[in-house]
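Work through the exercises below with the model open. Each task is followed by a stepwise solution.

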Amino acid sequence: AFYQLKIYALLLREREANLKKNNSGGTSPTTPTAPLLPLQSLRLLYLNSESGKAQYLDMDLGETLDERDTILQETHQDLSMVWKNIQELVQTQNPKAFKHCERKFCYCHTVRPKFLPGTLAE
């Protein structure tokens with residue numbers, strides 16, 4: 001459930017690192033000097049539930065910066081592998097080479113049943 005949020009946290013961490021890197025020569029009024037967000041935890045908010053009330057789930061990324069970086073680095077490696085696999089699949093130029101992925105949230109699971117029998121879905 002937290003995979004997309006970990007990607008978002010990774011993007012925020014990379015953005016902050018880039019801002020710090022670009023800001024090392026001096027500050028400008030539009031560049032923040034303090035951390036943008038403390039990336040210690042993630043919160044997934046469900047606006048509706050069986051009870052009709054909003055509910056949330058929290059995920060602690062770790063007590064230390066090293067623990068948080070380890071989790072985000074694993075997410076980075078996984079995301080990089082997904083992108084590499086997509087690129088390799090596209091380079092085959094074979095539309096029938098596509099297979100379902102194992103990610104429950106992936107759009108391929110929604111789209112696949114919409115293909116007609118005898119088309120590229122088979």
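**Exercise 1.** State how much space lies in the largest pocket, and find the residues closest to its centre.

*Solution.* Step 1: take the volume. The largest pocket of this predicted model holds about 340 Å³ of space. Step 2: go to the lining. It has 13 residues, and V82, N85, I86, K99 and C101 are the closest to the pocket centre.

**Exercise 2.** Sort the lining of the largest pocket by residue class, and name the element that gives the largest share.

*Solution.* Step 1: sort by class. Eight lining residues are nonpolar, three are charged and two are polar. Step 2: assign the element. Helix α2 supplies the largest share, with four residues.

**Exercise 3.** Decide which elements have the highest and the lowest mean pLDDT.

*Solution.* Step 1: start with the whole chain. Its average pLDDT is 80, and 82% of the residues reach at least 70. Step 2: compare elements. Helix α2, residues 65-91, has the highest mean, 91. Helix α3, residues 108-111, has the lowest, 76.

**Exercise 4.** Which residues make the nonpolar surface patch of about 370 Å²?

*Solution.* Step 1: list the members. L45, L47 and Y56 make this patch. Step 2: place one of them. L45 sits in strand β1, residues 41-46.

Notes
Residues numbered from 1 in each chain as written. Predicted model: local features only at pLDDT ≥ 70, side-chain atom pairs only at ≥ 80, totals over all residues. Heavy atoms only, no water. pLDDT = per-residue confidence, 0-100. Helix = DSSP H or I, 4+ residues; strand = E, 2+ residues; numbered from the N terminus. 1 Å grid on protein atoms, 1.4 Å probe; cavity = no way out; pocket = protein on both sides within 12 Å on 5 of 7 lines; lining within 4 Å. Points joined across faces, edges and corners; volume = space filled by probe spheres on them. Nonpolar A, V, L, I, M, F, W, Y, C, P; charged D, E, K, R; others polar. Patch = residues over 30% accessible without salt bridge, like charges linked within 9 Å, V, L, I, M, F, W, Y side chains within 5 Å. Areas by Shrake-Rupley, 256 points an atom, 1.4 Å probe, with all protein chains shown as cover. Salt bridge = Lys/Arg side-chain N within 4 Å of Asp/Glu carboxyl O.
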